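Please read the points below with the chain open beside you. They start from the whole chain and then turn to single residues and surface patches.

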Amino acid sequence: SWKVSYTFKGNKVEAENKITFLGQVKTVTSTGTYEIAENDDGSMEITFEFDEESDAFKNGTVTFEQGDDYIKLGGIKYTKADK
């Protein structure tokens, strides 16, 4: 299985990539900051600046969309987790 999660608090972000394969678990966690901006055409984008980049999480800007129970980062939809 493969699970990616983002936790946002203030302007801080914690990103976790957890892969389970044949009973083995590999977890990569990156922390950093983010900023959301609106473009001239009304579209939104989010810029990540991780303390340490990894293969799973890289610095940069992608498109951003937010709904009631989801966000889309670069076209990938993430559903809000129940806590």
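1. Of the 83 residues in the chain, 19% are buried. This is a predicted model, and the values here are computed from it. The accessible surface comes to about 6,300 Å², and carbon and sulfur atoms account for 46% of that surface.

2. Next, the fold in outline. The chain has seven strands and zero helices. Read from the N terminus, the order of elements is β-β-β-β-β-β-β. The C-alpha trace spans about 45 × 30 × 20 Å along its principal axes.

3. A word on contacts across the sequence. If we take the contacts between residues at least 6 apart in sequence, 18% of them join residues at least 24 apart.

4. Threonine 31 is a useful residue to look at. It lies in strand β3, which covers residues 24-38. Which residues does threonine 31 touch, leaving aside those up to four places away in sequence? They are Val13, Glu14, Phe50, Asp51 and Glu52. With glutamate 52, the separation is 21 residues in sequence, while the C-alpha atoms are 7.5 Å apart in space.

5. Is threonine 31 buried, partly exposed or exposed? Its relative accessible area is 34%. Buried means under 20% and exposed means over 50%, so a residue in between is called partly exposed. Threonine 31 is therefore partly exposed, at 34%.

6. Two of the residues that threonine 31 touches, Asp51 and Glu52, also belong to a surface patch. That patch is negative, and its members are Glu49, Asp51, Glu52 and Glu53. Glutamate 53 sits in the loop between β4 (44-50) and β5 (60-66). Its relative accessible area is 46%, so glutamate 53 counts as partly exposed.

7. The charges of the whole chain can be viewed in a similar way. There are 10 positive and 16 negative charges, and the mean positions of the two sets lie 10 Å apart.

8. There is also a nonpolar surface patch. Trp2, Ile19, Phe21 and Leu22 make this patch, with an area of about 540 Å². One of its members, isoleucine 19, is in strand β2, which covers residues 12-21. Isoleucine 19 has a relative accessibility of 36%, so it is classed as partly exposed.

9. To check these points on the model, start with threonine 31 in strand β3. Then find the negative patch of Glu49, Asp51, Glu52 and Glu53, and after that the nonpolar patch of Trp2, Ile19, Phe21 and Leu22.

Definitions and conventions:
Residues numbered from 1 in each chain as written. Predicted model: local features only at pLDDT ≥ 70, side-chain atom pairs only at ≥ 80, totals over all residues. Heavy atoms only, no water. Helix = DSSP H or I, 4+ residues; strand = E, 2+ residues; numbered from the N terminus. Buried < 20%, exposed > 50% of the residue type's maximum accessible area, 1.4 Å probe, protein only. Contact = heavy atoms within 4.5 Å. Patch = residues over 30% accessible without salt bridge, like charges linked within 9 Å, V, L, I, M, F, W, Y side chains within 5 Å. Areas by Shrake-Rupley, 256 points an atom, 1.4 Å probe, with all protein chains shown as cover. Salt bridge = Lys/Arg side-chain N within 4 Å of Asp/Glu carboxyl O. Lys, Arg positive; Asp, Glu negative; His and termini not counted. Charge placed at Lys NZ, Arg CZ, Asp CG, Glu CD.
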